[in-house]
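Welcome! Here are some short exercises to work through at your own pace. Keep the structure open, try each task, and then read the solution beneath it.

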Amino acid sequence: MINKHKNEKPSLVKGLSSLDIKGLAGYIKNGYAKKILILTGAGISVKSGIPDFRSPGTGIYDNIKKYGMLEPDLLFNRAFIKNDPKPFFSLVKEFIDKEYEPTDAHYLSVLFKNKGLLMRYYTQNIDSLDLKAGLTPPYLIECHGHMRTSTCTNSSCKNKIPTESIKNIIIKGQIPYCKKCNSLIIPDVVMNDDDLPEEFFEQLDKDFHECDLLIVMGTSLQVEPFPGMIEDPPLNVPRVLINKEPVVTYVEELGEKNGRLVEISEDRLSQKFKFGHFFNRRDIFLGGDLQSNILELIKELGWEEDLNKLKSKQI
Ligand code: OAD
C-alpha cells in the first residue's frame, strides 16, 4: 500500500506560488525573473492577420494549394524554389503585401525589455513584427531569417538587396531576378537545409544556462532546434507555454517504490513539459487564446498603462 504521508506533492520551485497566471505574475513582480528568455512562433502573429503554418484549416500548410503546390515540405526547399519559384513567391507576397501590426504578445516582450528583464527573444517568425514592435538585436534573434533583404541564389554573386526594391515585382505576381547576374533572387528566409544564422549560436549556451524564466508562445514546437531548446534551462527555472494546445509534453506514468510514488515513464529523464503531472514543480500551461492570456498576464502584472503607452507611441 502506498504511504500517503510520503506522497505529498513536491513543492514548487523557489519564487513560484502556483502554476497559473497569478503564480507567474508573482514570480516576475517579486523579482525572481531578471533574465527572461522568450521563444516565439507563428501563433503570436495570427491576430495581425498572418496565418500560422500548422493550424488545421487556417494554417498555411493546410492551404498549400492556394500557393500553387501540393507538398508543404517543399515550400522552404531551396532546390524546389529554384526550379519553380512561383509558390514560394505567392507566400512572400502575402507577407509583404500588407502592413501588419504587432500584437500584445510582441508588446509584452518589449515591456520585458524596457523593464530590463529580457535576456533574449528567439523567434522562428519571418514577419519582422518583433522588430516593428521594438525588439532589436542583441535581444532579437530571428532564427529563421526574415524578408527585409533578399539575396541572389547564384553562389558566385550573392548580391544582397532590400526586398523593398523588388516589392512591386513580387506583388504583381512576377519573379525577381538579380540585376547583376540575372539569377533568381529570394528573401533571406532560412530554408529547410540551411544552417541557422550565426547570431543564433553566439549566446545560446550562456542564455539557457543563466535564464531564470522561459516563456514559449505561439509555436507547435515541431521544427528543430526549438523543441530541444525547451529542455535546456536548469531544473529550478519555471517554464511557461502560452499556446492553444500543449506541445512537447510526455504522458506521466506513476509507479510505487518502497511505498513512495515514483515516475516510471520511459521519458522521465527528458525535460519535456510536465503540465498537470504529480511531480511538476515548474511548468505552467496557459492554453486557449494566446492574446487573451497575454492581456490577463499584463493586467496581473499591473502593466496595462505601460502597454497602452507603448502601443500609442508605435502607431
Ligand atoms: P506552427 O503553425 O507550427 O504553430 C503555431 C502554433 O500557434 C500552433 O500550436 C497553434 O495552435 C498556435 N496558435 C495559433 N493561433 C493561436 C491563438 N490565437 N492562440 C493560441 N495559440 C495559437 O508555427 P511555428 O511553430 O512557428 O519555417 O512553425 C515553425 C516553423 O515551421 C516556421 O518558422 C516555418 C515552418 O516551417 C519558416 O518560416 C522558415
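**Exercise 1. Find the elements that the buried residues of α3 pack against, and list those residues.**

Step 1. Note first that you are looking at a predicted model. The buried residues of α3 pack against four partners: α2 (78-83), β4 (145-152), α6 (167-171) and β6 (185-189).

Step 2. Now go to helix α3 itself, residues 86-96. Its buried residues are Pro-87, Phe-88, Phe-89, Leu-91 and Val-92.

**Exercise 2. Work out how the chain is divided into domains, and describe the contact between them.**

Step 1. Domain 1 takes in 1-48 + 102-144 + 196-315, while domain 2 takes in 51-99 + 146-189.

Step 2. Between the C-alpha centres of domain 1 and domain 2 there are 31 Å.

Step 3. Domain 1 gives 10 residues to the contact, and domain 2 gives 9 residues. On the side of domain 1 that touches domain 2, you will find 3 nonpolar, 5 polar and 2 charged residues.

**Exercise 3. Place the ligand with respect to the two domains.**

Step 1. Look at the shell: 25 residues surround the ligand. The closest are Gly-41, Gly-43, Asp-52, Lys-244 and Leu-290.

Step 2. Sort the shell by class, and you get 9 nonpolar, 11 polar and 5 charged residues.

Step 3. Both domain 1 and domain 2 give residues to this shell, so the ligand lies between them.

**Exercise 4. Describe how helices α4 and α10 cross.**

Step 1. Locate α4 at residues 104-114 and α10 at residues 290-301. Their axes come within 9 Å and cross at roughly 35°, and the crossing is left-handed.

Step 2. Pick out the residues that meet: from α4 they are Asp-104, Ala-105 and Leu-108, and from α10 they are Leu-290, Gln-291, Ile-294, Leu-295 and Ile-298. By class, this contact has 6 nonpolar, 1 polar and 1 charged residues.

Step 3. Link this to the previous exercise: Leu-290 of α10 meets α4, and Leu-290 is also among the closest residues to the ligand.

**Exercise 5. Find where two cis peptide bonds sit.**

Step 1. Some background helps: most peptide bonds are trans.

Step 2. One cis bond joins Pro-137 and Pro-138, with omega at about 5°. Pro-138 is in the loop between α5 (129-133) and β3 (140-142).

Step 3. Another joins Glu-224 and Pro-225, where omega is about 10°. Pro-225 is in the loop between β7 (213-217) and α9 (226-229).

**Exercise 6. Asn-182 has a positive phi, and so has Val-248. Decide for each residue: is Asn-182 buried or exposed, and is Val-248 buried or exposed?**

Step 1. Most residues other than glycine have a negative phi. For Asn-182, phi is about 70°; for Val-248, phi is near 50°.

Step 2. Asn-182 sits in the loop between α6 and β6. A residue with 12 or fewer other C-beta atoms within 10 Å is exposed; Asn-182 has 11 such neighbours, so it counts as exposed. In space, Asn-182 is 8.7 Å from Cys-152, C-alpha to C-alpha, although the two are 30 residues apart in sequence.

Step 3. Val-248 sits in the loop between β8 (239-242) and β9 (254-257). A residue with 20 or more such neighbours is buried; Val-248 has 20, so it is buried.

Technical notes
Residues numbered from 1 in each chain as written. Predicted model: local features only at pLDDT ≥ 70, side-chain atom pairs only at ≥ 80, totals over all residues. Helix = DSSP H or I, 4+ residues; strand = E, 2+ residues; numbered from the N terminus. Contact = placed C-beta atoms within 7 Å. Near = placed C-beta within 6 Å. Nonpolar A, V, L, I, M, F, W, Y, C, P; charged D, E, K, R; others polar. Domains from an automatic or database assignment. Axes fitted to C-alpha atoms, helices over the stretch in contact; angles between N-to-C directions. Left-handed = near helix turned anticlockwise from the far one by under 90°.
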